[in-house]
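Reader: I would like to learn how to read the strands, helices and ligand sites of a model like this one, with the criteria spelled out as we go. Could you begin with the strands?

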Amino acid sequence: MNSNVMLIAYYNKKALGVRYLETALKKAKYNVYTVFYKDFNSVHPTVTTDEELTLLKNEIKKRKPLFIGLSVMSSMYLDTVYKTLDMIKDNFSIPIVCGGAYATMFPDKLLNKGANFVIRGDGEKSICKLAQRLKKNTNIEDIPSLCYNKSGKMIINNISDITNNIDEYGIPTINSKNACYIENDTISYGDPQLNTLSYEVIASRGCPFTCSYCCCNNLRKLLPNGIKGVRTRSVKSIIEELKEAKKECKKIAFVHFYDEIFPNLPGWVDEFVIEYKKHINLPFTIWSHPKMIDKEVIQKLVKIGLVEVIMGIQSGSKHVRRDIFHRYESQQDIIDSTKIIHESKVFWSSYDFMLQHPFESIDDLKETYYLVKKLYRPYELQLHGLNFLPGTDIVPMAVEQKIFTEEEINNIMYAPMNEQFGAYWQRKTTRESELWYEMIYCLQFKCFEKKLEKYEENPQKYDKQIDNLYNISQKLFKLRYVYKKVRIVLKRMFL
Ligand code: B12
Ligand code: SF4
């Protein structure tokens, strides 16, 4: 009987979700062939070429899988997902099952495009059940979290058979032995992650916050009763994974924790600090939130190698933050959190802002400028635009406030990939807004403080000077980035 399963991860060589599924399927004795389809590129990702589709087609012919699982995490690269889906449908009669954050929120979209099944939520248990039933050709209808079409009707089974004890899922596959990687019209065999300098791990699943531009809030609402919004792994399981990662990926110089918010549970952190130092001892970075920065925790983490905190601030405008973004931290919370990061001697911090979107006025932008002025350095600013993502609360808000019609917002959310990523980085705006944006960016360099103080009184008067300063700042940013990476790698040797 056929025990081959193929999983496809899009634009993500690390693809944690798929690696967890591979572990579960291998444990249930399936041969898993994971295809890492194209590399991550947050600036200019390109849509799949015909040649890449042919390479995938040849792999499918070779492996003859029982079914093919597509991991559809984001709506931002649906062009490529749909092209692969169409190619599979046109050439094979192999069932296609989709999962991932986007598929969980919009199973109907994928079923309508020709997928045979969608599994919502954690996929580990349900995908094994589906594999077993397909292998034995028995009824699939009662599989938890499964969605499918039956006699022209869409059946959406409740999300269930998922657990609070996420240790049960095991650790994600680190060396996917049967994997291949398709990119730039070529295919290579073996796990593309093995040569990595950084290893990505997730210590928890879920986020307690409700930001309106993010899906986490609505994904949490889909969880069945009794399943916690934030589920944290045991320290033991994380250390087991990282030990394995060090063994398999020989070049690892640092670790990224990809938790939406790095856990700050006191007992958990104390155990983590001891075990991480003892067994892993690599520099690491975390994502956090102004409301979750705790001085004692940060100081403990710095002692064992925390080198960077990445934190979303998103806007310095109280109105935009509270009424539009649904973020309830105060100006003081934000300033205090950067003070703690600074005083705890975290080597680096990066603060994210989403600027120049249709909800923001010049006064909001100015308020951001004056808040950024008060942040404790050193920090790096990541300034970008706002993407309207399907499944987020800001989408109906934009329609209600008549910023876009329903049709317009759908065209934005489902625009071709290059337009969506372009909108994230490019800003169409007035000159005044441009000048404030540039001044905000320059604030990250202390040496420009005096000049900016002069320009802020009347930016239009200093138009050329601000442009110049911005160009220099961009160059400094790049230089500093190289310095930062080299230092983090060197730090590994001296930890
Ligand atoms: C960490 C993270 C990242 C990491 C990637 C981590 C990694 N190594 O995989 C980085 C920073 C690289 C990243 C990038 C991006 N991300 Co991101 N990311 C997340 C985050 C916070 C957690 C994802 C995660 O790793 N969860 C843990 C793993 C174990 O769970 P999982 O991936 O969901 O997989 C499970 C199930 O979904 C399911 N499953 C997954 N695949 C499949 C496939 C099948 C066949 C089945 C049956 C089941 C199944 O089973 C898995 C195991 O339980 C989510 C938020 C969220 N709650 O999902 C956003 C999120 C998925 N990202 C999002 C976005 C937009 C992006 C980017 C497009 C951002 C950008 N502008 O570049 C890119 C796209 C990257 C890509 N190629 O997919 C959005 C997607 C929303 C949308 N409508 O598009 C989310 C929901 C956050 C948000 N803003 O709302 N991301
Ligand atoms: S804090 Fe981050 S992960 Fe959590 S809801 Fe807000 S944007 Fe999403």
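Author: Two strands count as paired if DSSP finds at least two bridges between them, and the elements themselves are DSSP runs numbered from the N terminus, helices being H or I runs of at least four residues and strands E runs of at least two. The model is predicted, so that local features need pLDDT of at least 70 and side-chain atom pairs count only at pLDDT 80 or more, while totals for chains, interfaces and linings use all residues. Residues are numbered from 1 along each chain as its sequence is written, and chains are lettered from A and ligands numbered from 1 in the order in which they are written.

Reader: Which residue stands opposite Y181 of β8, and how many bridges join β2 to β8?

Author: In general, strands of a sheet pair through backbone hydrogen bonds, either parallel or antiparallel. Here F36 stands opposite Y181 in β8, and strand β2 (residues 31-37) runs parallel to strand β8 (residues 180-183), with three bridges joining them. On β9, Y181 has S188 as its bridge partner, and the four bridges between β8 and β9 (residues 186-189) belong to an antiparallel pair. With two residues between them, β8 and β9 form a hairpin, in whose turn N184 has a positive phi of about 50°.

Reader: What is the order of the strands in the open sheet of six?

Author: The order is β10-β13-β14-β15-β16-β17, with parallel pairing. Its edge strands, each pairing on one side only, are β10 (198-201) and β17 (380-384), and from one strand to the next the twist averages 20°. Within that order, β13 (residues 254-257) and β14 (residues 284-288) pair in the parallel sense over two bridges, and H256 is opposite T285 in β14.

Reader: How should I read the backbone at K345 and at the bond from R377 to P378?

Author: Most residues other than glycine have a negative phi, and most peptide bonds are trans. K345, though not a glycine, has a positive phi of about 60°, and it lies in the loop between α12 (331-343) and β16 (348-354). The peptide bond from R377 to P378 is cis, with omega near 0°, and P378 is placed in the loop between α13 and β17.

Reader: Are α13 and α17 roughly parallel or oblique to each other?

Author: Axes are lines fitted to C-alpha atoms, for helices over the stretch in contact, and angles run from 0 to 180 degrees between N-to-C directions; those under 35 degrees count as roughly parallel, over 145 as roughly antiparallel, 65 to 115 as roughly perpendicular and the rest as oblique. The axes of α13 (residues 362-373) and α17 (residues 431-442) come within 9 Å and cross at roughly 15°, which makes α13 roughly parallel to α17. For α2 (residues 50-63) and α3 (residues 78-91), the axes come within 10 Å and cross at roughly 45°, and therefore α2 is oblique to α3.

Reader: Where does ligand 1 lie with respect to the two domains?

Author: A residue is near a molecule if its C-beta atom, placed from the backbone, lies within 6 Å of it, and domain bounds come from an automatic or database domain assignment. By that criterion 44 residues surround ligand 1, the closest being G17, G69, S71, G99 and G123, and α1 gives the largest share of the shell, five residues. Because domain 1 (4-182) and domain 2 (195-385 + 427-494) both contribute residues to the shell, ligand 1 lies between them.
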